[in-house]
Amino acid sequence: MAIANKLTQKRILQTEGPAVLNDGNGLYIRLRSTGHASWFCRIRHHQTKKLIDKVFGQFPEMSLREARNELEQVKNRILNHCFNKESTHQMLCFQDYAESYIDRKEAEWRNQKHRQQWRNTLRDYAYPVIGSLSISEINTPLLLEILDPIWRTKTETATRVRQRIEKILDGATVEGLFDKPNPARWKGHLSHILPDPNKLRTVKHQPSMPYQELPAFVADLRQREALSARLLEFVILTACRQSEARLATHDEIDRANRVWTIPASRMKTNREHRVPLTDRMLEIMDECETDSHYLFAEGGSPLSINALRMLMHRMGAHVYTPHGFRSSFRHWCSTQSQIASEAFEYALAHQVGSATRLAYDRDDYFCQRIILMAQWQKYAACLMPE
């Protein structure tokens with residue numbers, strides 16, 4: 001017999017999400033990083049042997065004792081609807097299944113922001129229309145009710161909402177919970193009804209400082225003692241993304257060979273990236289030396305994600321963004337450097353060429369990039385490249 005009553009109210013309150021706690025006898029509570037928590041019953045379908053999760057209350061509105069008292073009634077409702085596949089469809093609503101799908105899949109998503117975007121977009125756009133409906137009721141008119149209001153005004157968001165609903169319904173199909181053509185499918189379906197999002201999107205570039213203004217800006221940076229000033233200069237000189245520099249660690253640095261190797265897990269392209277280290281980059285790291293695991297840390301933790309924007313605002317450069325310095329670097333490369341353009345793209349950790357070429361081309365133009373980054377450092381220090 002399964003052990004029940006494993007949880008206490010105190011343990012639930014002391015556990016930080018995301019987490020799933022088991023009280024036994026099929027009663028679980030899902031704790032989210034946002035602080036929200038919900039009770040759900042997990043029971044195995046007696047015919048298909050598939051596990052079914054059914055959310056039936058929120059915590060702390062429904063206490064632990066109340067959830068235990070409600071559990072048997074929930075089980076009975078599930079079992080009464082589980083005599084055939086169609087009734088299972090009617091029993092499981094889209095929101096319940098979507099949240100279960102996200103819980104299973106989010107381990108493969110690399111950052112918390114991406115996980116939260118999944119939940120936020122479904123909460124804001126999908127759940128108000130189809131959240132309470134059974135999966136079997138979802139059809140093309142309902143998808144259009146979700147997408148039409150935002151397809152032309154919030155095209156990027158609308159595209160992601162469609163893609164996420166499509167993946168969720170694909171998952172439901174694999175589990176035998178949805179047996180119709182996927183109404184969120186683009187190719188050969190919604191593509192005949194909605195305009196091509198690639199022709200609607202307007203590209204929004206990050207505001208970038210003209211490279212001609214950069215030496216004066218870097219000179220101002222070097223007069224400032226703030227750790228954020230050192231980090232921003234490091235971002236400029238390495239031409240990396242601010243998150244890559246902000247979360248850089250000492251074990252990624254090879255001082256002997258003057259190389260910073262950013263692991264694939266921290267790269268947008270999911271490919272390891274090597275950065276040649278110049279004299280000034282090494283000086284910056286020496287100036288920021290602490291006992292922390294991170295290169296740029298205060299109190300042992302990396303600087304805030306907003307630290308560089310706040311610094312630029314104080315310096316009167318708020319019309320630009322930290323990410324925009326990558327564009328400044330790229331523009332300088334194309335007008336001032338004689339090095340091969342492929343080296344520019346590898347310096348920015350861009351993928352160059354097709355997937356086939358990437359599979360066979362192992363040259364990341366590192367030798368050329370050593371020269372390129374040295375020239376960029378000289379320019380930023382008000383010395384024109386040789």
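R258 sits in the loop between strand 5 (253-254) and strand 6 (259-262). The model is a predicted one. In it, R258 has a positive phi of about 55°, although this residue is not a glycine. R258 counts as partly exposed because its relative accessibility is 33%, and partly exposed residues lie between the limits of 20% and 50%.

N25 also has a positive phi, of about 60°, and N25 is not a glycine. The loop that holds N25 runs between strand 1 (19-24) and strand 2 (27-31). With a relative accessibility of 33%, N25 counts as partly exposed.

Another backbone feature involves a proline. The peptide bond from F59 to P60 is cis. Its omega is near 10°. P60 belongs to the loop between strand 4 (51-59) and helix 2 (64-80).

The interior was examined next. The largest nonpolar core has 56 residues. Within this core, F217, L232, I236, W260, F329 and L372 touch the most other members. Several elements each supply at least two residues of the core. Among them are helix 9 (214-222), helix 12 (279-287), helix 13 (307-314) and helix 14 (325-336). Strand 6, helix 15 (341-347) and helix 17 (366-380) are also on that list. Helix 10 (227-238) is on the list too, and helix 10 gives the most to this core, with 8 residues.

F217 shows how distant parts of the sequence meet. Its neighbours within four places in sequence are left aside here. F217 is then in contact with M209, L232, I236, M312, M315, A317 and F325. Two of these partners, L232 and I236, are themselves listed with F217 as core residues that touch the most other members.

A second core is separate from this one and has 32 residues. This second core includes W118, I135, A158 and L177.

Helix packing was then described for one pair. Two packed helices are described by the angle between their axes and the distance between the axes. The axes of helix 5 (residues 112-131) and helix 6 (residues 140-151) come within 9 Å. These axes cross at roughly 150°. The crossing of helix 5 and helix 6 is right-handed. On helix 5, the contact is made by Y125, A126, V129 and I130. On helix 6, L142, E145, I146 and I150 make the contact. By class, this contact has 7 nonpolar residues and 1 charged residue. It has no polar residues.

Note on methods: Residues numbered from 1 in each chain as written. Predicted model: local features only at pLDDT ≥ 70, side-chain atom pairs only at ≥ 80, totals over all residues. Heavy atoms only, no water. Helix = DSSP H or I, 4+ residues; strand = E, 2+ residues; numbered from the N terminus. Buried < 20%, exposed > 50% of the residue type's maximum accessible area, 1.4 Å probe, protein only. Core = buried A, V, L, I, M, F, W, Y, C linked by side-chain atoms within 4.5 Å. Contact = heavy atoms within 4.5 Å. Axes fitted to C-alpha atoms, helices over the stretch in contact; angles between N-to-C directions. Left-handed = near helix turned anticlockwise from the far one by under 90°. Nonpolar A, V, L, I, M, F, W, Y, C, P; charged D, E, K, R; others polar.
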